[in-house]
Structure formats: C-alpha cells, structure tokens
Amino acid sequence: MAMTMTTMMLKPTSPIFILQTKSLKRRNFKVFSLRNPETSSLGPQALVAQFDPKIPIEEAITPPSSWYTDPSFYTFELDRIFYRGWQAVGCTEQIKRLHEFFTGRLGNVEFVVCRGDDGKVHAFHNVCRHHASILAYGSGRKSCFVCPYHGWTYGLDGALLKATRITGIKNFVENEFGLIPIKVATWGPFVLLNMERDADTDLDIVADEWLGSSSEVLSNNMVESSLSYVCRREYTIECNWKVFCDNYLDGGFHVPYAHKGLASGLKLDSYSTTICERVSIQKCVGGSGENDYDRLGSKALYAFVYPNFMINRYGPWMDTNLVLPLGPRKCLVVFDYFLEASLKDDKAFIERSLKDSERVQMEDVMLCEGVQRGLESPAFSVGRYAPSVENAMHHFHCLLYDSLIK
Ligand code: FES
Ligand SMILES: [Fe+2]
C-alpha cells in the first residue's frame with residue numbers, strides 16, 4: 001500500500017520519535033513531538049505548557065518546535081507578546097522634522113507614527129474609518145493624511161477633517177471618527193508603541209517597563225545621543241522570528257563555526273552574559289589584528305531587549321536589529337546603523353563596515369533558514385542548551401513562557 005512520506009513520518013512508532021522520547025524520558029522530561037498525532041491537535045496554551053521554565057538550564061529542554069511552526073501558536077503569541085507592553089518600532093530620525101511620518105505593521109496592527117503640528121509624536125492605527133483602507137504608505141512628510149480610496153482626510157492629530165460625499169448621512173458625528181490612537185513614547189533614538197489602551201507614557205515608567213534596571217547601563221554605555229544616523233538595511237528571512245532571536249542569544253557559540261571572518265576580530269573566550277529583567281547583555285573583547293580592528297573596536301556589547309530588539313555597540317558603531325514577525329515561518333529584520341559623528345563623512349570606512357556587516361547577516365540568514373527547516377522536520381521536537389553559553393537564550397524562552405501564560 002502506498003504510504004506518503006508524511007504519514008510514514010507522522011507515526012509515533014517512527015524510530016526517530018521513539019529514540020528521542022526514550023532518551024529524554026530517562027531524565028523525566030515530558031517530551032512531545034509536533035509530528036506526534038497525540039499532540040499535533042493541541043491548542044496554543046497546551047503547547048506553551050510543554051516548556052518548563054523552572055527546570056534549570058543544565059537539565060532543561062528547549063521549547064518544542066511547535067512554538068516555531070504552529071499557526072495557532074503564532075496568532076496566540078502576537079496577542080500575548082506583541083500586543084502588550086512597549087515595543088520598539090522605529091527611530092526618532094524618521095520623524096525628526098514637523099509633519100514627518102512612517103508606517104509599519106506589527107502582527108496585524110497597521111500603524112502610522114508622525115510628528116504633528118505641535119511638534120509632538122503621535123501614533124495611530126493606519127486604517128481609514130470609512131471602509132478600512134490603509135491610509136498612509138511608506139514614510140515621508142505630509143500636513144494631513146488623505147485616504148487613497150475615497151478621500152477622507154485626517155489631521156496629524158488623528159482628527160477627521162473631511163468626510164467626503166456624506167450628504168444625507170444620519171447619526172454621524174464627525175469627531176467620533178478620528179483615527180484610533182496608539183500609545184507612543186520615545187527612549188533615546190527609539191520610537192516605542194504600546195497597544196494597550198491604558199499604558200502610561202511617562203518616560204520613567206516607559207524606561208522601567210521596557211528596559212528595567214538596564215536603562216542606565218544602556219544609556220551610559222551604548223546609546224549615546226551624539227551618534228549620527230547612517231542608514232537602514234532590511235532582510236526578509238524564511239524563519240520564525242524567534243529563530244533569529246535564539247541565534248543572537250547563544251553567547252557567541254556559533255561565531256567561530258559560522259562567522260569565521262568576524263571571529264578573527266573578536267576574543268571569543270572573553271564572551272560574558274549579564275541577565276536583567278527583560279534585557280540580556282552579551283559582552284566580548286574585540287580586536288586581535290590592527291586591520292579589522294576599527295569596525296569592531298576594543299569591545300563589543302550586544303543588548304537584547306525582550307521580545308525582539310537588539311542594540312549592538314562596537315567600535316564607533318551602533319546598530320539595532322528589530323525582528324518583526326511576518327508569519328509562523330517568516331520575519332523581517334530591520335537594521336538601523338548609527339555612527340560616531342566624527343566618522344560620519346568617512347564614506348570609505350562606512351562602505352567597508354557595512355559590507356562586513358552584510359556578510360555576517362547573510363551568514364546568519366543561512367543559519368536561521370536552515371534551523372527553520374530543521375524545526376519543521378519530523379526529526380526534531382525539542383533540543384538542549386549549552387549551559388555555559390546559552391543562558392541568555394534560556395532566559396528569553398522563560399520570558400516568552402511568562403508572557404504566554406498571562
Ligand atoms: S476607505 Fe478611506 S475614504 Fe473610503
Ligand atoms: Fe550570527
């Protein structure tokens with residue numbers, strides 16, 4: 001009888017499944033496989049429970065592959081992780097001047113951020129109140145938003161200024177049809193949004209909620225206000241957004257294997273990780289040779305801000321990586337580069353540095369896409385941690401668990 005590859009591999013009697021189950025059961029781990037029919041129909045809450053944050057890293061198993069592949073889990077985590085708390089979405093550079101705006105999407109939330117007539121930063125759902133058209137596209141400068149569909153017009157404060165062709169309409173109160181606001185705040189050069197309606201936008205509270213006790217370390221050692229904005233690079237990657245984060249959080253483990261060029265400019269045995277509430281900071285001493293030394297400088301700091309934002313400081317550079325989920329197996333990573341002001345006109349240095357950085361990103365893209373394919377394979381259900389280096393990754397998984405059970 002013909003048996004498809006999938007049915008064959010789905011069977012819980014498959015040698016791979018039994019092997020993995022046996023070896024992990026010996027250690028009293030609860031083991032599940034996404035490909036196991038008994039668990040493949042579990043809802044998101046049951047999938048969350050498959051990771052146990054109380055198990056110490058030495059004995060812990062990673063979250064199951066379903067966290068990285070299951071569409072219902074993806075919808076669930078958008079709600080629990082991205083639609084709650086402060087989320088980085090862009091840079092103040094994008095809205096430096098009056099009337100500048102940028103748009104974006106976080107999960108299913110379409111947003112527009114702008115600097116209004118009053119000089120204040122505003123954010124709204126970027127959805128027309130007439131028939132739901134996306135209102136503004138891309139970024140730029142405008143004194144009002146005119147809907148491309150039927151011309152309803154909104155001010156930069158969100159007020160509906162003009163509703164077209166409404167002659168004869170009844171029970172319509174124009175000022176009840178303004179754009180729906182989103183809570184917005186800035187911290188240093190970063191723009192943050194919070195989808196919760198009652199979020200407090202007081203700067204100290206935002207800093208505390210977003211960065212906790214690391215806000216001082218970050219503002220003193222990493223995010224100097226004197227840095228100049230250089231450019232943006234974007235990478236669409238065929239992997240779950242958490243795969244990219246995990247890759248970032250392995251304490252430099254993959255660097256000597258996968259980034260041989262980068263490894264030669266870093267003293268990898270100097271890697272150390274500090275974990276705070278929602279931030280982990282990896283440090284590494286840089287520079288073995290004089291030639292590549294200038295891009296990486298004498299030390300590198302890599303801060304991960306839960307859930308999806310990375311701030312990297314090395315030599316005269318700072319770059320940030322924003323990992324935006326685009327679906328269970330797709331994400332967009334946005335790199336913004338900042339440089340010490342004294343070097344901002346050194347075109348050759350900038351070009352060389354960006355090229356080096358691009359090479360590292362392409363190496364990471366390959367790794368992450370390879371991991372995603374492995375996670376989707378019936379051969380894998382859960383993995384293990386390297387306790388001496390992967391503690392920031394374990395911490396990330398524990399934070400995810402905390403958000404998901406709330
Ligand atoms: S959808 Fe915007 S004016 Fe009709
Ligand atoms: Fe990497």
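**Strand pairing and burial in a predicted protein model**

Among the contacts in this protein that link residues at least 6 apart in sequence, 58% join residues at least 24 apart. The model is a predicted one, and its secondary structure comes to 14 helices and 17 strands. Of the 406 residues of the protein, 37% count as buried.

A single residue can serve as the entry point. Gln87 lies in strand β1, which covers residues 87-91, and Gln87 counts as buried because 23 other C-beta atoms lie within 10 Å, where 20 or more are required for that label. Leaving aside residues up to four places away in sequence, Gln87 touches Phe82, Leu106, Leu192, Leu193 and Asn194. A separation in sequence can also be set beside one in space for this residue: Gln87 and Phe190 are 103 residues apart along the chain, while their C-alpha atoms are 9.9 Å apart.

From there the reader may turn to strand β14, residues 299-305, and to its pairing on either hand. Strand β13 (residues 279-286) is joined to β14 by seven bridges, and the two run antiparallel; within this part of the structure, Ser280 stands opposite Phe304 in β14. Strand β14 is also joined to strand β15 (residues 309-314), here by six bridges and again in an antiparallel arrangement, with Leu301 standing opposite Arg313 in β15. The connection between β14 and β15 is a hairpin that passes through three residues. Five of the seven residues of β14 are buried, and the strand is therefore largely enclosed by the rest of the structure. As background to reading such strands, in a regular strand the side chains alternate between the two faces of the sheet.

Another part of the model to follow is an open sheet of three strands, whose order is β6-β7-β8 and whose pairing is antiparallel. Strands β6 (144-146) and β8 (160-162) stand at the edges, and because each has a single partner strand, one side of each is left without a neighbour in the sheet. On average, and with direction ignored, neighbouring strands of this sheet are turned by 30° against each other. The pairing of strand β7 (residues 153-155) with β8 rests on two bridges, the strands running antiparallel, and the bridge partner of Tyr154 is Leu160 in β8.

Terms used: Residues are numbered from 1 along each chain as its sequence is written. Chains are lettered from A and ligands numbered from 1 in the order in which they are written. This is a predicted model: local features need pLDDT of at least 70, side-chain atom pairs count only at pLDDT 80 or more; totals for chains, interfaces and linings use all residues. Helices (H or I, at least four residues) and strands (E, at least two) are DSSP runs, numbered from the N terminus. A residue is buried if 20 or more other C-beta atoms lie within 10 Å of its own, exposed if 12 or fewer, and partly exposed in between; C-beta atoms are placed from the backbone. Two residues are in contact if their C-beta atoms, placed from the backbone, lie within 7 Å. Two strands pair if DSSP finds at least two bridges between them. Axes are lines fitted to C-alpha atoms, for helices over the stretch in contact, and angles run from 0 to 180 degrees between N-to-C directions.
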